[in-house]
Amino acid sequence: MKNAYIIIVGILFLLVMGACDDENDDLSWVQPSDKGTYVDERDGNTYHWVRYGNLEWMVENMKIKAEKGKSQIYSELQMTTEERRDQEAKNLFKYGYLYDYEAAESAVPEGWRIPTDGDWQNLEKMMGMSENELSEFDWRGRQEGEMLQQEDCIWLRPGGFMDYEENELGNKYVPNFVGFYGFFWSSTKDEDKTDSMIYRQIRYNSSQLGRFSTLSKKMMSLRCVR
């Protein structure tokens, strides 16, 4: 009986592993049709880009301080000046600046633009998202979030965001979620809300991709397309 039990368990294990392999076979990365680099003449920063469909997507978040609106490098509140300087240098290199929407518009280099919600949807569709999920507000998809975080795709990074808070002590921006969530502007308004823009959100180690909207005065990462 013991030997029979071991054999049955072994067979079940092989069946499960085979099913997992079949599932993983479906998660092949969608490769870009072209790639290259772009140098922003305003500050000399170099950005890599990849082409999907008829658009070139930047592979790094924008790293320029905007001339308008509010832009800031992610840093924690409770730090010494030296600690904050070190953290900001690391976060600028890895995650770029965070921008409110006015600043995001100001930060876009000549010849580029902020992707529309439709641009994001087209990219998600190429990654395999079903038609009925594209316009949903929620976490969607099965593999798209994971694919878009791959270095050989557009490498979305979890750069956190700056939340806008109002209280009796005054208005302030509070940093949240660096290393765990990434938030990326689109240029499309949410017509059902006041002063709100649609954005995309990723989670660390998650295969789904979020489509939500938020106030334009919050600060998030910026990717550009052309």
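Visitor: How many helices and how many strands are there in the protein chain?
Guide: This is a predicted model, and its protein chain has 226 residues, of which 44% count as buried. Among contacts between residues at least 6 apart in sequence, 60% join residues at least 24 apart. As for the elements themselves, the protein chain holds five helices and eleven strands.

Visitor: Which face or arc do the buried residues of helix H2 occupy, seen down its axis?
Guide: Helix H2 covers residues 81-95 and reaches 20 Å from its first C-alpha to its last, close to the 21 Å expected at 1.5 Å a residue. An α-helix has 3.6 residues a turn, so residues three or four places apart point the same way. In H2 the buried residues are Gln 87, Asn 91 and Tyr 95. Seen down the axis of H2, these buried residues line one face of the helix, because they fall within an arc of 35 degrees.

Visitor: Which residues are exposed on the other side of H2?
Guide: The buried residues of H2 have a cover that includes strand E4 (71-73) and strand E5 (97-99). After H2 comes Gly 96, with a positive phi near 75 degrees. On the other side of H2, the exposed residues are Thr 81, Glu 82, Arg 85 and Phe 93.

Visitor: Which strands stand at the edges of the open sheet that has the order E1-E2-E3?
Guide: This open sheet is formed by three strands, and their pairing is antiparallel. A strand at the edge has a single partner strand, so one side of it is left without a neighbour in the sheet. That is the situation of strand E1 (34-39) and strand E3 (55-58).

Visitor: What is the bridge partner of Val 39 in E2?
Guide: Strand E2 comprises residues 46-52 and runs antiparallel to E1, to which it is joined by six bridges. In one of the bridges between strands, Val 39 has its partner in E2, and that partner is Thr 46.

Visitor: At about what angle does H4 run to E3?
Guide: Helix H4 consists of residues 117-127, and it lies across both E2 and E3. The angle at which H4 runs to E3 is about 95 degrees.

Visitor: How many residues apart in sequence are the parts that Asp 117 and Arg 200 tie together?
Guide: Asp 117 forms a salt bridge with Arg 200, and the closest N and O atoms are 2.8 Å apart. Asp 117 lies in helix H4, whereas Arg 200 lies in strand E10 (residues 196-203), so the pair ties together parts whose separation in sequence is 83 residues.

Visitor: Which residues are linked with Asp 117 in a network of salt bridges?
Guide: Side chains of opposite charge can pair when their charged atoms come close. The structure holds ten salt bridges, and both Asp 117 and Arg 200 are buried. The network links Asp 117 with Glu 124, Arg 140, Arg 200 and Arg 211.

Visitor: Is Glu 56, which meets Arg 51 in a salt bridge, buried or exposed?
Guide: The side chains of Glu 56 and Arg 51 meet in a salt bridge at 3.1 Å, N to O. Arg 51 has a relative accessible area of 24% and is partly exposed. A residue is buried under 20% relative accessible area, and Glu 56, at 10%, therefore counts as buried.

Terms used
Residues numbered from 1 in each chain as written. Predicted model: local features only at pLDDT ≥ 70, side-chain atom pairs only at ≥ 80, totals over all residues. Heavy atoms only, no water. Salt bridge = Lys/Arg side-chain N within 4 Å of Asp/Glu carboxyl O. Buried < 20%, exposed > 50% of the residue type's maximum accessible area, 1.4 Å probe, protein only. Helix = DSSP H or I, 4+ residues; strand = E, 2+ residues; numbered from the N terminus. Expected span 1.5 Å × (residues − 1). Arc of directions from axis to C-beta. Contact = heavy atoms within 4.5 Å. Pairing = 2+ DSSP bridges. Axes fitted to C-alpha atoms, helices over the stretch in contact; angles between N-to-C directions.
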